[in-house]
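Dear colleague,

Here is the structure that I promised to hand over, with the sequence beside it. Please look through it first, and then read on for what was found in it.

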Amino acid sequence: MAVREALLNSLIHRDYAFHAATLIRIYPDHMEFVTLGGLPTGLELADIKLGISVCRNPHLANIFYRLQLIEAYGTGIKKIMDSYFGKSKQPSIICSNNAFKIVLPNTNAGQILKEDSVYYSVAPYSVAPSPALPSAKEQILQVLSKQKEITRKEVQELLEVSQSTAGRILKTMVDRGQIIKLGGSLTTRYRAVQ
């Protein structure tokens with residue numbers, strides 16, 4: 001909930017006159033959302049924490065409201081604070097004239113978690129290496145080692161990517177001589193090079 005609200009706030013309340021990116025930093029023990037544009041003129045941090053909101057981008061906020069991504073103006077910070085109610089670690093908000101930063105602590109960092117009688121340590125400053133996942137091209141070649149041909153649509157579903165991305169990957173593989181293209185437009189299929 002807190003991450004969702006911080007992300008929505010950073011999109012809706014940023015000052016788009018600045019051409020730099022909104023920063024989202026993820027660390028083992030916390031996340032940071034840094035949004036360009038400080039507090040609107042006349043507001044203080046205490047006002048924001050009370051739920052007072054002056055919307056910098058009302059048209060954008062209206063779109064998010066109609067998409068049912070926000071319920072009402074001025075509820076985001078309250079929801080963030082409420083999601084940490086009773087926790088030892090609390091979010092912090094830092095403001096300057098041109099930036100707004102929300103720091104969300106990871107309340108699980110440094111704890112021992114129990115799951116089905118197995119204990120896991122959640123270390124605050126270490127990240128376990130993730131197992132190497134097969135690349136998109138390796139996944140396609142694995143499928144082609146089991147079946148004779150593959151279509152662009154099957155690649156799209158296999159990799160969970162858009163039609164254009166699947167097409168680009170297949171074109172690259174054809175250009176590199178890893179697969180060959182068979183058929184035309186509606187009947188295009190791809191086969192591994194023997």
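In this model, which is predicted, 32 residues line the largest cavity, and those that lie nearest its centre are N9, H13, I48, S53 and I77. The space in this largest cavity comes to about 400 Å³, and the structure holds one cavity of 30 Å³ or more.

If you would like to trace the lining, begin with the elements that each supply at least two residues to it, namely α1 (2-12), α4 (76-83) and β4 (99-105). Of the elements, α1 gives the most to the lining of the largest cavity, with six residues. When the residues of that lining are divided by character, 17 are nonpolar, 11 are polar and four are charged.

The other finding concerns two helices. As general background, a pair of packed helices is described by the distance between their axes together with the angle between those axes. Here the axes of helix α5 (residues 136-146) and helix α7 (residues 163-175) come within 11 Å and cross at roughly 75°. Because angles of 65 to 115 degrees count as roughly perpendicular, α5 is roughly perpendicular to α7. On the α5 side the contact is made by A136, K137, I140 and L141, while α7 brings I169, L170, T172 and M173. The residues of this contact of α5 with α7 divide into six nonpolar, one polar and one charged.

With best wishes

Conventions:
Residues numbered from 1 in each chain as written. Predicted model: local features only at pLDDT ≥ 70, side-chain atom pairs only at ≥ 80, totals over all residues. Heavy atoms only, no water. Axes fitted to C-alpha atoms, helices over the stretch in contact; angles between N-to-C directions. Helix = DSSP H or I, 4+ residues; strand = E, 2+ residues; numbered from the N terminus. Parallel < 35°, antiparallel > 145°, perpendicular 65-115°, else oblique. Contact = heavy atoms within 4.5 Å. Nonpolar A, V, L, I, M, F, W, Y, C, P; charged D, E, K, R; others polar. 1 Å grid on protein atoms, 1.4 Å probe; cavity = no way out; pocket = protein on both sides within 12 Å on 5 of 7 lines; lining within 4 Å. Points joined across faces, edges and corners; volume = space filled by probe spheres on them.
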